[in-house]
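Trainee: Hi, could you walk me through this one? I'm new here, so plain words please.

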Amino acid sequence: MDEPTRDASVVLCRSCDLAIRKRALPSNVRAICPRCHSVLYDSPYCSINGMLALCVTALMFYLPANLFPVLEIHFFGSIRTTTVFQGALAVMDQGYWIVGIAVLVAAVLAPGVLILSIFTQILIVKFGLKTHTGRALLKHLLQHQGLLSELTMLEIYVISFLVSAFQLSDFSDIFFGIGTFCFVMLFVTTLFLQREYNLDHMWSFLDENH
C-alpha cells in the first residue's frame with residue numbers, strides 16, 4: 001500500500017492544529033494563524049534582491065578563486081604555486097583518481113553550479129514565472145537543489161589551506177595570494193547565500209503561480 005505523501009505547501013498550527021496553506025511572504029514578515037494567532041512560520045531573513053546580490057558577489061569571486069594560486073611555497077630558493085584545480089590534477093597524477101575527482105567536484109564544479117542554479121532561480125522568480133518554460137526550469141532546479149548543496153564543501157578546503165600552511169611553515173615560507181583571498185570570500189559569500197536560501201520559500205513561488 002502506498003504511503004501518503006506530505007504536502008510541503010501546507011503547515012499545521014502548533015497550537016490549534018489548523019491546516020494553513022503556505023504563501024510567499026515579504027522579507028521580515030511572520031505568518032500568523034487566523035484562529036489562535038500563533039506564529040506559523042517566518043519569511044527568510046534575506047529578500048530575493050538580497051540573495052541576488054549575494055549570487056553576483058559569489059560569481060565575482062568564483063573565477064579568480066579558481067584561476068589564481070591559493071598557495072605560494074618558497075622552499076630552498078624554489079618557488080611553487082598551485083590553484084585548487086591544479087591541486088586536484090596533482091592528486092590524480094599520483095594515482096588517487098577518486099580523491100582528485102572529489103576535490104574537483106566539491107571545490108570547483110559544485111560551488112559554481114550551485115551559485116548559477118540559485119542565480120537562475122532568482123531571475124525566474126523575478127521575471128519568468130508567467131511562462132511555462134520558466135516554471136518548468138524552476139521546478140527542475142528546485143528538485144536538484146539539495147544534491148548541489150550536499151556536494152559543495154568549500155569549508156573543507158579553506159581549513160586545508162590553514163593546516164597546510166601550519167605544517168609547512170617549519171621548513172618553508174608560505175604566502176597567501178589573491179587566490180586565497182578570493183577563495184575565502186567565495187566560501188563566506190556562499191555560506192551566507194546557503195544560510196539565507198530557503199527551499200520551501202522558493203517552492204512557494206512556484207505554487208503561487210499554478
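**A first look**

Mentor: Happy to! M185 is partly exposed (between 20% and 50% relative accessible area, 1.4 Å probe, protein chains only), because its relative accessible area is 27%. This is a predicted model, in which local features need pLDDT of at least 70 and side-chain atom pairs count only at pLDDT 80 or more, while totals for chains, interfaces and linings use all residues. Residues are numbered from 1 along each chain as its sequence is written, and side-chain values use heavy atoms, leaving out hydrogens and water.

Trainee: Where is M185 found?

Mentor: M185 sits in helix α7, residues 178-196; helices here are DSSP runs of H or I with at least four residues, numbered from the N terminus. Its C-alpha atom is 6.9 Å from that of F61, although the two are 124 residues apart along the chain.

Trainee: Is F61 buried or exposed?

Mentor: F61 is buried (under 20%), with a relative accessible area of 17%.

Trainee: New topic: how many aromatic pairs does a search of the whole structure find?

Mentor: One. The ring centres of F61 and F181 are 6.2 Å apart and their planes are at 80°, so the pair is edge-to-face; ring centres must lie within 6.5 Å to pair, and planes over 60 degrees apart count as edge-to-face.

Trainee: Which parts does the pair tie together?

Mentor: F61 lies in helix α1 (residues 48-67) and F181 in helix α7, so the pair ties together parts 120 residues apart in sequence. F181 is partly exposed, at 47% relative accessibility.

Key:
Helices (H or I, at least four residues) and strands (E, at least two) are DSSP runs, numbered from the N terminus. Rings of Phe, Tyr and Trp (its six-membered ring) pair if their centres lie within 6.5 Å; planes under 30 degrees apart count as stacked, over 60 as edge-to-face and the rest as tilted.
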